[in-house]
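Dear colleague,

Please find below the structure that I am handing over to you. A summary of what was found in it follows directly after.

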Amino acid sequence: MSGGLGVWQDMEKERETLQAWKERVEQELDRVVAFWMEHSHDQEHGGFFTCLGRDGRVYDDLKYVWLQGRQVWMYCHLYRKFERFRRPELLDSAKAGGEFLLRYARVAPPEKKCAFVLTRDGRPVKVQRTIFSECFYTMAMNELWRVTGEARYQDEAVEMMDQIVRWVREDPSGLGRPQLPGALASEPMAVPMMLLNLVEQLGESDEELAGNYAELADWCAQRILRHVQRDGQAVLENVSEGGEELSGCLGRHQNPGHALEAGWFLLRHAIRKGDPELRAHVVDKFLLLPFRSGWDPDHGGLFYFQDADGLCPTQLEWAMKLWWPHSEAMIAFLMGYSDSGDPTLLRLFYQVAEYTFRQFRDPEYGEWFGYLNREGTVALTIKGGPFKAPGLTAFYCPPSRSQRT
């Protein structure tokens with residue numbers, strides 16, 4: 001009897017702790033959204049300012065397409081998933097951002113390549129030879145369709161998705177990336193990882209599209225899994241096109257945040273497929289392994305970059321602590337715990353969350369700092385820039401074990 005009471009008390013304590021974290025995340029999410037609603041909207045030209053100082057002041061009016069797409073997606077996703085965000089001003093802002101993207105993002109319609117950055121009034125400034133502006137454009141259009149029901153947004157999302165897949169699997173020439181004789185034929189993990197996320201986005205509650213992309217999802221998962229190298233002891237950011245380790249710094253490069261992000265994308269894929277063996281493998285290799293190697297034992301937090309041989313990475317910012325790997329880690333560990341009930345994953349969530357909310361949060365002006373030095377002090381006071389969007393978006397909050405059972 002006493003044993004049963006102890007189990008019940010443990011479950012009740014767990015439930016209370018998770019509920020407290022849920023409330024803490026909700027409060028922080030409200031503060032983050034309020035910051036961007038107040039400071040980032042361009043009422044004259046549409047779209048969003050993303051280069052915001054600590055107090056929200058705009059320090060550059062250039063507009064980065066992938067961050068425009070992220071913000072449209074965020075507003076729509078919050079509007080769709082959370083009752084308290086079902087506010088007309090949020091939807092109106094998302095639609096204004098989406099229309100800005102439709103008018104200006106593609107550099108030479110009817111071609112599908114998007115600019116990386118635009119002027120405030122929509123003139124293209126720079127194009128990157130990657131797929132990521134297009135990926136976030138696709139996510140934005142799909143979410144706009146989900147909240148408005150306007151088919152033109154979904155048509156745009158599916159057309160862009162088809163183009164991205166052609167670039168990745170058939171003909172990359174449209175990206176403008178020449179094949180130089182000295183370049184290694186490598187595959188970064190970010191490409192199949194992002195494609196897998198798009199499959200999940202477009203296939204959500206759409207059995208027809210999910211079926212159409214089923215083979216692509218499996219292909220993406222297998223390509224990501226090839227980045228587990230060295231007899232399962234390392235997740236490498238880049239491998240050869242044949243799935244083998246590359247030589248030099250490129251081959252030894254590790255990005256703990258990307259590995260954890262890929263982990264929760266893969267875990268979501270494995271859960272959808274009902275594959276317990278894959279789920280266990282993902283938790284071991286993409287959650288626990290990169291966390292154990294990537295966590296700074298001296299100062300806490302996740303290193304930005306690492307070298308698989310323990311050599312000094314060549315990136316100057318390798319030892320910095322950035323906001324996004326910690327967000328990805330929190331999501332990954334909560335998702336893993338929700339699926340398995342493994343208390344180890346819950347403890348790791350608490351470890352990352354305590355560090356993240358203590359170090360990145362700005363109690364004075366709201367939002368999060370994005371860039372800390374290794375010791376955890378603020379290196380850059382900006383709240384947004386070419387690569388930093390809102391600090392905490394639609395966070396994954398699972399039920400406690402007691403609620404599941």
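Of the contacts in the chain between residues at least 6 apart in sequence, 64% join residues at least 24 apart. Please bear in mind throughout that this is a predicted model.

**Overall form**

The chain is built from 14 helices and 14 strands. Its radius of gyration is 21 Å, close to the 22 Å that the globule rule gives for 405 residues, so the chain is as compact as a globular protein of that length. The C-alpha trace spans about 70 × 50 × 45 Å along its principal axes.

Of the 405 residues, 54% are buried. The area that the chain exposes comes to about 17900 Å², and carbon and sulfur atoms supply 50% of it. As to charge, there are 47 positive and 59 negative side chains. The centres of these two sets lie 2 Å apart.

**Two buried residues with side chains that reach backbone oxygens**

Lys 63 belongs to strand E3, which covers residues 63-64. With a relative accessible area of 0%, Lys 63 is buried, because buried means under 20%. Which backbone oxygens does the side chain of Lys 63 reach? One is that of Gly 46, at 2.6 Å; another is that of Arg 120, at 3.0 Å.

His 227 is placed in the loop between helix H8 (214-225) and E7. This residue is likewise buried, at a relative accessible area of 0%. The side chain of His 227 reaches the backbone oxygen of Leu 236 at 2.8 Å. Leu 236 is also one of the contacts of His 227 when neighbours within four places in sequence are left aside. Under that condition, the contacts of His 227 include Glu 187, Pro 188 and Met 189, and also Ala 234, Val 235, Glu 237, Asn 238 and Val 239. The C-alpha atoms of His 227 and Ala 259 are separated by 9.2 Å, and the two residues are 32 apart along the chain.

**A contact between helices H4 and H5**

Tyr 137 is located in helix H4 (residues 132-148), and Glu 156 in helix H5 (residues 151-169). Are these two residues buried or exposed? Tyr 137 counts as buried at 1% relative accessibility, and Glu 156 is buried with a relative accessible area of 9%.

Neighbours within four places in sequence again being left aside, Glu 156 is in contact with Tyr 137, and also with Leu 102, Arg 106, Lys 112 and Met 141. The corresponding list for Tyr 137 holds Glu 156 together with Leu 101, Leu 102, Ala 105, Arg 106, Cys 114 and Met 160. Leu 102 and Arg 106 are therefore in contact with both Glu 156 and Tyr 137, contact being taken as heavy atoms within 4.5 Å. From C-alpha to C-alpha, Tyr 137 and Leu 101 are 7.5 Å apart in space, with their positions 36 residues apart in sequence.

**Exposed residues and positive phi values**

Most residues other than glycine have a negative phi. Against that background, two residues deserve your attention.

Ser 205 is not a glycine, yet has a positive phi of about 55 degrees. Ser 205 sits in the loop between helix H6 (190-203) and H7. With a relative accessible area of 73%, Ser 205 is exposed.

Where is Asp 231 found? Asp 231 is in the loop between strand E7 (228-229) and strand E8 (234-235). Its phi is also positive, near 55 degrees, in a residue other than glycine. Asp 231 is exposed, at a relative accessible area of 78%.

Helix H7, which follows the loop of Ser 205, covers residues 207-212 and contains Glu 208. Glu 208 is exposed, with a relative accessible area of 61%. Between Glu 208 and Trp 145 there are 16 Å in space, C-alpha to C-alpha, and the two are 63 residues apart in sequence.

With kind regards

How values were computed: Residues numbered from 1 in each chain as written. Predicted model: local features only at pLDDT ≥ 70, side-chain atom pairs only at ≥ 80, totals over all residues. Heavy atoms only, no water. Helix = DSSP H or I, 4+ residues; strand = E, 2+ residues; numbered from the N terminus. Rg over C-alpha atoms; globule rule 2.2 N^0.38 Å. Buried < 20%, exposed > 50% of the residue type's maximum accessible area, 1.4 Å probe, protein only. Areas by Shrake-Rupley, 256 points an atom, 1.4 Å probe, with all protein chains shown as cover. Lys, Arg positive; Asp, Glu negative; His and termini not counted. Charge placed at Lys NZ, Arg CZ, Asp CG, Glu CD. Polar contact = N/O pair within 3.5 Å; in protein donor to acceptor, adjacent residues only side chain to side chain.
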